[in-house]
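Visitor: Hello, I am new here. Please give me one close look at a single part: the pockets and what lines them.

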Amino acid sequence: MRVFIDGESGTVGLNIRERLNKYTDIELLKIDPELSENADERKKFLNRADIAFLCLPDEIAKESVALIDSTGNITTRIIDASTAHRTHPDWTYGFPELSKAHEEQIRTSKRVATPGCYASGFIALVYPLVSGGLLSADSLISCFGISGYSGAGKAFIDEYQGDLMTRNPELASARLYALAQSHKHQPEMRAVCGLTYDPMFNPVIDDYYSGMIVNIPLMKPNFTACDVRELYKKHYSGTRVELKNSDVTFLAANTLAGSDGMELYVFSDPNSERILLSARFDNLGKGASGAAVQCFEIMQK
């Protein structure tokens, strides 16, 4: 199997390449770095590949798809890690834990768009509640979370890893962003979960490399924490998403750095009047390159 990573030099692309190094039955096509932005050269590699990973800005990802489609190529299958196609009706959303039927769609799809990192945690927590009938589609949902700086892209990584004596002192603090409620993950959060409204979303970036926690607070729900645990336990049985005991005092965001799994927690007061749902995972693992390679493995079966 011939595999090409378009945008290999970025954080996600490098992580995908590292994960693919363990496979002995694939040929990893390698473009000359000096020609990696040349459309004609990329077109050759994209159309030679059996599976192409797109680790690119949205507009360049769309260009790559066009470089394949314009040739009438129906052979190359695409796994897009950008935001460009996550809500596109002709693309399969790359979160196999949604359902067995959805995993089968990924297996046979020509076009798979993998989730955003925050969206992965949100969807893991909310999708089963909506599909299982505990939450209505028109529920007003708030979401807050924290991530390491590796999810912000190469420029931010360089800034955070710069000289501690000369870099912006604000980088040493957790920083709230997407204050105007226009984060690029909100459309897929809404669409995949079948929600009527975008969630209120408050992400935080902090001064550590990778790992994240996504949280959903629920006030006076018409179900109990036990109901949620039972639903999660059934929905995620045998998957990479694992329901954990909620008897912890602290939940560190970087515990699963380097892992491709996800942990779910259901916290509540004794009467379940206040329930906190938490998903912990690695923004580069289950939240990005690990998720893309997971879809790759499914598409090979």
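Guide: Happily! Helices (H or I, at least four residues) and strands (E, at least two) are DSSP runs numbered from the N terminus. This is a predicted model, where local features need pLDDT of at least 70, side-chain atom pairs count only at pLDDT 80 or more, and totals for chains, interfaces and linings use all residues. Residues are numbered from 1 along each chain as its sequence is written, and side-chain values use heavy atoms, without hydrogens or water.

Start with the second largest pocket (an open set of points on a 1 Å grid over the protein atoms alone, with protein on both sides within 12 Å along at least five of seven lines; lining residues have an atom within 4 Å of a point). Its volume is about 280 Å³. Around it stand 15 lining residues, and Pro96, Lys100, Glu103, Gly238 and Thr239 are the closest to its centre. Helix H4 (100-108) and H9 each give at least two residues to this lining, with H9 supplying the largest share, three residues. Sorted by class, the lining holds three nonpolar, six polar and six charged residues, with Gly counted as polar.

Now turn to the largest pocket, whose volume is about 1200 Å³. It has 49 lining residues, and Val12, Cys55, Leu56, Pro57 and Gly153 lie nearest its centre. Among the elements giving two or more residues to this lining are strand S1 (2-6), helix H1 (11-20), strand S7 (142-148) and helix H9 (285-300). The lining divides into 19 nonpolar, 19 polar and 11 charged residues. H9 is therefore a good element to follow by eye, as a DSSP run that serves the second largest pocket too.

How values were computed:
On a 1 Å grid over the protein atoms alone, a cavity is a set of points where a 1.4 Å probe fits but cannot get out, and a pocket is an open set with protein on both sides within 12 Å along at least five of seven lines; lining residues have an atom within 4 Å of a point. Grid points are joined across faces, edges and corners, and a volume is the space filled by probe spheres set on the points.
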